[in-house]
Amino acid sequence: MLRRTLIATTMAFTFAGSAFADGHSKDIVDTAVAAGSFGTLVAAVQAAELVDTLKGEGPFTVFAPTDEAFAALPEGTVEDLLKPENKDQLIAVLTYHVVPGKVMSGDIAGPMSAATVQGSEVDITTEGGVMVDGAKVVTADIEASNGVIHVIDAVILPE
């Protein structure tokens, strides 16, 4: 009986340790794929050939629009952006959602702006919840091995 208890306890700690160790082992792209609610974003990242970049060392902060956020764009917008001839525009939109470095929600205090990989700045406010260029952060601080994802409810567009 003691032996079975010892084995069961050892196995429980082993499996629990594995589960916690895997918590941040996925990069931003793999984390987004595993979430299941970023199919359009992942397809856009693939079309823009940014997968390797977002799997890179980072760290990156990604403001990730959900599939519903992309669906709320005017009809045909996503399809147009995914066309090969619009790749530069797609890259601009996607990199506007990425800030170099790892910015956790606790790092945000009051109104501020942050330079994006695209080159423009996003405005971040905290009144009534965290907003990024008017998009609400609905889930914050999803950590990945090379940065953090903050889920937003709208696609933000550079000027």
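The legends below describe close-up views of a predicted model.

**View 1. Overall arrangement of the protein chain.** The protein chain holds seven helices and seven strands, and from the N terminus on these elements follow one another as α-α-α-α-β-α-α-α-β-β-β-β-β-β. Of its 159 residues, 34% count as buried. When contacts between residues at least 6 apart in sequence are considered, 62% of them join residues at least 24 apart.

**View 2. The open sheet and its edges.** Seven strands make up an open sheet in the order 2-1-7-6-5-4-3, and their pairing is mixed. Strand 2 and strand 3 (112-115) stand at the edges with a single partner strand each, so one side of each has no neighbour in the sheet. At one of these edges, strand 2 (98-100) pairs with strand 1 (60-65) in the antiparallel sense, over three bridges, and within this part of the sheet Val62 is placed opposite Val98 of strand 2.

**View 3. The hairpin of strand 3 and strand 4.** Strand 3 and strand 4 (residues 121-125) run antiparallel and are joined by four bridges, with Met112 standing opposite Ile124 of strand 4. The two strands form a hairpin that has five residues between them, and in the turn Gly119 has a positive phi of about 115°.

**View 4. Ile108 in the loop between strand 2 and strand 3.** Ile108 is placed in the loop that lies between strand 2 and strand 3, and with a relative accessibility of 13% it counts as buried, the cut-off for this class being under 20%. Leaving aside neighbours within four places in sequence, Ile108 is in contact with Val103, Ile124, Thr126 and Val130. One of these residues, Ile124, is 16 residues from Ile108 in sequence, while the two are 8.1 Å apart in space, C-alpha to C-alpha; Ile124 is also the residue of strand 4 that Met112 stands opposite.

**View 5. Helix 3 and its buried face.** In helix 3 (39-47), the residues Leu41, Val42, Ala44 and Val45 are buried. Seen down the axis of helix 3, these buried residues fall within an arc of 160°, so they line one face of the helix. The elements that cover them include helix 2, helix 4, strand 1, helix 5 (67-71) and helix 7. Helix 3 is followed by Glu49, which has a positive phi near 60°.

**View 6. Helix 7 and its surroundings.** Leu90, Val93, Leu94 and Thr95 are buried in helix 7, which spans residues 87-95. Among the elements that cover these buried residues are helix 3, helix 6 (77-81) and strand 2; helix 7 in turn is included in what covers the buried residues of helix 3.

**View 7. The cavity lined by helix 3, helix 6 and helix 7.** A search of the whole structure finds one cavity of 30 Å³ or more, and the volume of the largest cavity is about 50 Å³. Its lining consists of Thr40, Ala44, Phe70, Val78, Leu81, Leu82, Leu90, Val93 and Leu94. Helix 3, helix 6 and helix 7 are the elements that give two or more residues to this lining, and helix 7 gives the most, with three. By residue type, the lining of the largest cavity divides into eight nonpolar, one polar and no charged. Ala44, one of the lining residues, also belongs to the buried residues of helix 3.

**View 8. The largest pocket.** About 250 Å³ of space lies in the largest pocket, which is lined by 22 residues, with Ile28, Val45, Leu54, Val62 and Val98 lying nearest its centre. At least two lining residues are supplied by each of helix 2 (28-35), helix 3, helix 4 (51-54), strand 1 and helix 7, and the largest share, five residues, comes from strand 1. The lining of the largest pocket comprises 18 nonpolar residues, four polar and no charged. Val62 and Val98, both among the residues nearest the pocket centre, are the pair that stand opposite one another in strand 1 and strand 2.

**View 9. Thr66 after strand 1.** Thr66 is found in the loop between strand 1 and helix 5, and at 12% relative accessibility it counts as buried. Not counting residues up to four places away in sequence, Thr66 touches Ser37, Phe38, Val151 and Ile152.

Terms used
Residues numbered from 1 in each chain as written. Predicted model: local features only at pLDDT ≥ 70, side-chain atom pairs only at ≥ 80, totals over all residues. Heavy atoms only, no water. 1 Å grid on protein atoms, 1.4 Å probe; cavity = no way out; pocket = protein on both sides within 12 Å on 5 of 7 lines; lining within 4 Å. Points joined across faces, edges and corners; volume = space filled by probe spheres on them. Nonpolar A, V, L, I, M, F, W, Y, C, P; charged D, E, K, R; others polar. Buried < 20%, exposed > 50% of the residue type's maximum accessible area, 1.4 Å probe, protein only. Contact = heavy atoms within 4.5 Å. Arc of directions from axis to C-beta. Pairing = 2+ DSSP bridges.
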